[in-house]
Every structure is written in structure tokens, then in C-alpha cells.
Amino acid sequence: MCRLPTFPFSLADPIQHPGPPPKTSEVVIIGGGVIGVTTALFLAQRNIPVTLLEKGRVAAEQSSRNWGWIRKQGRDADELPIVIEAIRLWRQLAEECGEDIGLTQTGVTYLANTDKDMAGFEEFMKIAALHNLDTLLLDGDETGKLIKGMSRTFKGAMTTPSDMRAEPWLAVPALARLAVRKGVKIVENCAARTLEIAAGKVKGVWTEAGYIEASSVLIAGGAWSSLFLRRHGVSIPQLSVRVTVAATEPLPEVYAGAAADNHIAFRRRQDGGYTLAAGGSHLLYVGPDAFRHVTKYLPALRNNPLGARYFPFAPSGYPDAWSTPRDWAPDSQSPFERMRVLNPAPEPVKLRSIERNFKHLFPEFEPVRLKVGWGGMIDAMPDVVPVVDRIKAIGGLFVATGMSGHGFGIGPGIGRIVADMIQGNEIGHNLGRFRLSRFYDGSPVRLGPAL
């Protein structure tokens, strides 16, 4: 296999959204991924002054590195109403931004290797029926007709034809440009260092480029959210897991949508290739937060003991590295400036495994040439659903994080919700499942779907 180039987003890319930041802003959003960008966009549409701070480049971390699935299928029951709204918003925003982001309705399919897999699909069908989804169960023959050229027969499949896909590295930067046109002030290469808090309320944000007075702040920093909040006495049991993804050179189309089984996940790309990943596999770097929150993750570990691999320490500068500072002053360099783009290298052994499994499933694809491979750090929660909440101990502070690898598709829905939450409006959804207090009020950990 040839040596793969690095992922295209890096600090070598020119800054698209320069500063300086304003002196005042009604809302400051920390984090330039899909959640932060869409929240800013919906606030600006309501004429709310909003500034978005990104320590590196917009979407340079997980919001451009994800698989590009926009799915209702397989969602946690409490996420499903939000993602239904998100899909409607994706269509609307794609039209508004006026750029081709690869948004296409091509379906999502889960492949069943065992009767247990099919039983799990049947459970989701009950949820799908409550929301009138077009989700279908297929037998083995129907599955083979849906996805051509597979080397083996599956027990069956679950498929949702109305699910979509898009190219994340195109979509989120395009939405950021739309947000700027709507009035959002985006400042790249500008890390938020600390909050200014007085009388239990947010008063502003200290950045590396100075102070911004603000009455509301949203933390949407993905893998970095827990580190930032811990500096202010707020504990979130969020960990980051590393995954490896690859893209092939153009190949014949066997399925226009996205599909996965326990070994391989693949999605047709706009450029004629496929985005590939290993199904249900990730690497956890063990650090201080991993030890601190280990008991909260025990249900997930028991449910899928072979799904995670462990490494005793993270590379220097990573959010949960042993050497990463947990405290710093507003006028000193923060960990966010030392690591502006979290850019883990893809694991060579995983790239070889992904390539091999895809070839085995589709033997007609010979050879399979990978044109790029990359790593990503997914912000995960113990129950595999996010935290979307106001921080009760600090007035004016909000958090939307821990999307657990599901954030791209649901992003605009979460963004709309958080924009209304900040304004004190009706949310339109029950967010009880996503409250931060669920990890501290004695509630049992209720696992959501892993994929």
C-alpha cells in the first residue's frame, strides 16, 4: 500500500476568518465545529450578536473527519425527533449556503451477521414505527439485491431509504461562510482561555487576543470541552477515543448510500470513491479523566468489552494527556494554543485491516487504492448520547458536547435547539435525556446505540 498523505485541514491552511475579536458580543461560542457553527447561524438569523472562537481552523477536527452520514436509522429514541428536524434543516441550509456540499438522499443500511443483530433491528423498528420512518427490514436475498457484489450472504439488513449523506469537509466550512454572511463574527486561530465569572454568572471570555464582554457562552469544543469546563469547576465525564478512517480512489458504485456491519463501514463519496472505517472499533488513551470517570463507563465496557483498545498515555498536548495542564491563568498560554488542531495519525494496522475487509466484502474491487487516511478523536459520553444543557452553577453558561460520533448528522438540530435555549425560548423537544445531572443524580446509565 502506498504512503498516504495527511488529512487536508491543518494550520498550513490559510485563515479564512481572521480577527481581531470584538470587545463585546451578546453570545460567545467556543468551538468551530458543526454544533458551534449552526448554533451561531441560528442566533444570527434572529439578530443576536454572536462571536464564534476557533483555536485552529473551522471544522479542522471531528466535524470534518467523520463518516458523513446523516441518518435517522439506529438513533437513540430521544435523539430521533431532533435528527428528524436536523434532516429538514440540512436541506434548508444546503439551499441557503448556495454551495455543493454533497448532500444526497441515498439511504443508510445496517447489515446483520447474526440473529442477534436482526433482533436488535427489530427493536429499532418499534421506534421507527412511532415516528413513521420509512425504515425496512430485509432478508438475506433482499439485502444482496440492494447492495451488489458482496461476497457473502447476510442474515438480513435494516435500511432507511430517506437517510442522507454529505461531505463534512465541504459542509461545515460552507455553513460557516453562510453564518458570516448572516452576521456572525468568526475568529480562527484564537483560543478562548478562561471565562470571566462574577456573582455566579458569566461576564465574558478571556482569549489569547484579549477580553470579550458577553452575557452567554456556549462550550461546543468537542474533545476539548471537558478540559475547558474542569478549569471552571464543572465536571463532565467525557472521554475522547481515536478512530481511523480512509478514502478510496474512485471505484464502481455498488451502493449509493452508507452501510456497515461489525467489521467494515463504507459510504459512497461525491468523488466516486468510498469513505471506509472499521465498524465498532476505537482506541482509548488512558489519562486522568479516564481514571476519574471509569465507574461511569463500566456499563458500556460490559456491553462491548472488545470494542475498545487501550493505550496507557495520550500523546503530549492531547486533552487527557498526563502532562496537559488542568489549570492556567487568563494571561498565560493555554493547552488550546499549544494544540490548535488535534490531528491524530491514522493507525497503519487499521488502514490495512480496513482495506482488507473492504476487499473481502467486494472481491470485484481489485485493487482497492486508498488515496488518503486520517485519524479523529471522538468526544464520547458513558451512555453514547450527548450533553446539551445549561450549567446551573454558572449563569449564562451552556454546553453541547459529547456527540459520541453522531454529531454531524444531528448538528443543525442541536444548533437550533441551543440557539433557543440561550434565548430562553421554547425548545420543542424533551431534553431530559441530555441533561448533565444524569451522571450525578443517581440515575442509572442507559446505553444508547453505539453506531
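This is a short tour of one predicted model, with a selection to make at each stop.

**Before you start**

Residues are numbered from 1 along each chain as its sequence is written, and side-chain values use heavy atoms, with hydrogens and water left out. Because the model is predicted, local features need pLDDT of at least 70 and side-chain atom pairs count only at pLDDT 80 or more, while totals for chains, interfaces and linings use all residues.

**Stop 1: helix 6**

Select residues 168–181. This is helix 6, with 14 residues. Helices here are DSSP runs of H or I with at least four residues, strands are runs of E with at least two, and both are numbered from the N terminus. How far apart are the end C-alpha atoms of helix 6? They are 20 Å apart, which agrees with the span expected at 1.5 Å a residue. That expected span is 1.5 Å times one less than the number of residues.

Now look at the cover. In helix 6, 10 of the 14 residues are buried. Buried means under 20% relative accessible area, exposed means over 50%, and partly exposed lies in between (1.4 Å probe, protein chains only). Among the buried residues are Pro 168, Trp 169, Val 172 and Leu 178. Step just past the helix to Gly 183. Its phi is positive, about 115°.

**Stop 2: a three-stranded sheet**

Select strand 3 (69–70) and strand 4 (104–105). Add strand 8 (residues 164–165). Together they make an open sheet in the order 3-8-4, with antiparallel pairing. Strands 3 and 4 stand at the edges with a single partner strand each, so one side of each has no neighbour in the sheet. Two strands pair if DSSP finds at least two bridges between them. Strands 4 and 8 are joined by 2 bridges. Find Thr 104. Opposite it, in strand 8, is Arg 165.

Move on to Gly 107, in the loop between strand 4 and strand 5 (108–112). Gly 107 counts as buried because its relative accessibility is 2%. Try the distance tool from Gly 107 to Asp 78. Their C-alpha atoms are 21 Å apart, with these positions 29 residues apart along the chain.

**Stop 3: strands 15, 16 and 17**

Select strand 15 (residues 258–260). Add strand 16 (residues 265–268). The two run antiparallel and are joined by 3 bridges. A hairpin of 4 residues links them. Ala 260 faces Ala 265 in strand 16.

Next, add strand 17 (residues 274–277), which pairs with strand 16 over 4 bridges in the antiparallel sense. Arg 268 has Tyr 274 as its bridge partner in strand 17. This second hairpin has 5 residues between its strands, and Gly 272 in the turn has a positive phi of about 95°.

In a regular strand the side chains alternate between the two faces of the sheet. Are the faces of strand 16 covered or uncovered? Both are covered: Ala 265 and Arg 267 on one side, and Phe 266 and Arg 268 on the other, are all buried.

**Stop 4: salt bridges**

Side chains of opposite charge can pair when their charged atoms come close. A salt bridge here is a side-chain nitrogen of Lys or Arg within 4 Å of a carboxyl oxygen of Asp or Glu. By this rule there are 31 salt bridges.

Stay with Arg 267 and add Glu 167. Their side chains meet in a salt bridge at 2.9 Å, N to O. The pair links distant parts of the chain, 100 residues apart: Arg 267 is in strand 16, and Glu 167 is in the loop between strand 8 and helix 6. Both residues are buried.

Select Asp 389 and Lys 392. This salt bridge is 3.8 Å, N to O. Asp 389 counts as buried at 10% relative accessibility, whereas Lys 392 counts as exposed at 68%.

Then try Asp 441 and Arg 435. The closest N and O atoms of this salt bridge are 3.1 Å apart. Asp 441 is partly exposed, at 42%, and so is Arg 435, at 25%. Elsewhere, salt bridges that share partners join Asp 76, Asp 78, Asp 383, Arg 433, Arg 438 and Arg 446 into one network.

**Stop 5: two cysteines**

Select Cys 97 and Cys 190. Cys 97 counts as buried at 5% relative accessibility, and Cys 190 counts as buried at 3%. How many disulfides are there? The count is 0, where a disulfide is a pair of cysteine sulfur atoms within 2.5 Å.
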